[in-house]
Amino acid sequence: MTKASQHPASLSTPFDFSRAPLLVIWETTRSCALACDHCRADADTTAHPNELSTEEGKNLIDQVQAMGTPIMILSGGDPLNRKDLEELIRHGKAAGLRMGTIPAATPNLTRERLASLKEAGVDQIAFSLDGATAASHDAFRRTPGAFDTVLRAARWAREMDVPIQINSCFGAWNWHEFDALAELVSTLDIAFWEVFFLIPVGRGAKLGGLTPAQFEEGFVKLRKMTQEKSFVVKLTEGQHFRRFALQQESSGGAGVAARVEHTVARPASLRAGLRLPKRAVNAADGFLFVDHLGDICPSGFLPVRRGNVRADGLAETYRHDSLFRGLRDHSRLKGKCGVCEYREVCGGSRARAWATTGDAWASDASCAYEPKS
Ligand code: SF4
């Protein structure tokens, strides 16, 4: 029996977030030629001398597979700065994982490198677009030409038949561009549009997020897109979309919650065999982040170190660490999230609560809903 056929993702059982995250992101390096305004990692142009080695990375991939997680994303910094990126992807594919990566839009992003990633077996490549025009995107990324680099790379990926994801981060600075950006991404023949709602950490701490009213406005538009577009819309750090969609359905709207893939990619290859819980993915709850030094954190947006893969077991930390367990315990939620009738399916963004109040169990101030109680 191969590792892939033993994998829990092949079982037609509900995915248990208390046993394993659906998705692990490994920040393979902090090294990046860009200096984007919202960067979580405060990325640098040089790699940290103590970042995980190839062998340590392969060991991490093996731990992800053994834990029962089906999806692994190799992020950065710029993962293309790692010469072993293809070797790591190959290792993950051999282990039966769905492997994705998120290259930065720099001169490293060549047609030859994309072909090399495809040859290694990458399942999906994500590119970031945060502005609808070259002027706004390049200003945000502080790199002239970044917008054109993304569009060119997306065209190459399409020609090579590599599934494309576009990542877009929204906050106060670019909310006015939502409609134009939605229109642009709709022309790129993508498989997924992942919409991030800013969490004020790293360099993003000085940027403003959306107001509760803007979230509701965005949810209306995103819900409509899920009904009209052929690609999958994913939301990250907008857990209260679950509440919004359920409210719409209970008031007679067409069912949509099942079509929005909240935070996680659920590719066609997994849809048939994997039943997801009716609970939003959240920090330490369906999700785990490993930084470039191997530190294990609930999320890149909730970067509290709870161990290191050089010394601590990944599954052990995810399943038994007190912070990880506590973040999955919705009875600990405070404020209006604590009394909300949607707290089990939504729970609010734990990363936003932590970033804005210092308390990971505080209510998510970006939600417009007032619980009945
Ligand atoms: S109050 Fe909290 S739990 Fe309820 S819908 Fe809003 S964010 Fe979710």
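Which residue in β7 is the bridge partner of Phe-192? Keep that one in mind; the views below get to the answer.

**View 1. The whole chain, before zooming in.** This is a predicted model, in which local features need pLDDT of at least 70 and side-chain atom pairs count only at pLDDT 80 or more, while totals for chains, interfaces and linings use all residues. Residues are numbered from 1 along each chain as its sequence is written. The chain's secondary structure adds up to 14 helices and eleven strands; helices (H or I, at least four residues) and strands (E, at least two) are DSSP runs, numbered from the N terminus. Of its 373 residues, 49% count as buried. Here "buried" is for a residue with 20 or more other C-beta atoms within 10 Å of its own, "exposed" is for 12 or fewer, and "partly exposed" is in between, with C-beta atoms placed from the backbone. Among contacts in the chain with a separation of 6 or more, 73% link residues 24 or more positions apart; a contact has the two C-beta atoms, placed from the backbone, within 7 Å.

**View 2. Strands β6 and β7, side by side.** Back to the opening puzzle: Phe-192 has Val-232 as its bridge partner in β7. Strand β6 (residues 192-197) pairs with β7 in the parallel sense, over five bridges; strands count as paired if DSSP finds at least two bridges between them. β7 is mostly covered, with four of its five residues buried.

**View 3. Strand β2 and its two partners.** Strand β2 (residues 71-75) has five of its five residues buried, so it is largely enclosed by the rest of the structure. In a regular strand, side chains alternate between the two faces of the sheet. Look along β2 and you'll find Ile-71, Ile-73 and Ser-75 pointing one way, with Met-72 and Leu-74 pointing the other. Strand β1 (residues 23-27) runs parallel to β2 and is joined to it by five bridges, with Leu-23 partnered by Ile-71. Strand β3 (residues 98-101) is also parallel to β2, through four bridges, and here Met-72 stands opposite Met-99.

**View 4. Inside the largest nonpolar core.** This core has 94 residues, and Val-24, Met-72, Phe-127, Val-150 and Ala-153 touch the most other members. A nonpolar core is a set of buried Ala, Val, Leu, Ile, Met, Phe, Trp, Tyr and Cys residues joined through C-beta atoms within 7 Å. Helix α6 gives the most to this core, with six residues. Zoom in on Phe-127: leaving out residues up to four places away in sequence, it touches Ala-105, Val-150, Ala-153, Ala-154, Ile-164 and Ile-166.

**View 5. Helix α5 and its covered face.** The buried residues of helix α5 (residues 134-141) are His-137, Phe-140 and Arg-141. Seen down the axis of α5, they fall within an arc of 95°, so they line one face of the helix; the arc is that of the directions from the helix axis to the C-beta atoms. What covers them includes α6 (146-159). After α5 comes Arg-142, with a positive phi near 55°.

**View 6. Helix α9 and the loop before it.** Helix α9 (residues 241-250) has Phe-241, Arg-242, Arg-243, Phe-244 and Ala-245 as its buried residues. Ala-245 has 23 other C-beta atoms within 10 Å, and its C-alpha lies 7.6 Å from that of Arg-223, although the two are 22 residues apart in sequence. Gly-252, which follows α9, has a positive phi near 100°. In the loop between β7 (232-236) and α9 sits Glu-237, whose phi is near 60°. Glu-237 is buried, with 27 other C-beta atoms within 10 Å.

**View 7. Backbone oddities in two loops.** Most residues other than glycine have a negative phi, and most peptide bonds are trans. Ala-284 has a positive phi of about 70°, in the loop between β9 (282-283) and β10 (286-290). The peptide bond from Gly-76 to Gly-77 is cis, with omega near 20°, and Gly-77 lies in the loop between β2 and α3 (85-94).

**View 8. Around the ligand.** Of the 15 residues around the ligand, Cys-337, Cys-340, Cys-346, Gly-348 and Cys-367 come nearest; a residue is near if its C-beta atom, placed from the backbone, lies within 6 Å of the molecule. The shell divides into seven nonpolar, four polar and four charged residues. Nonpolar means Ala, Val, Leu, Ile, Met, Phe, Trp, Tyr, Cys and Pro, charged means Asp, Glu, Lys and Arg, and the others, Gly among them, are polar.
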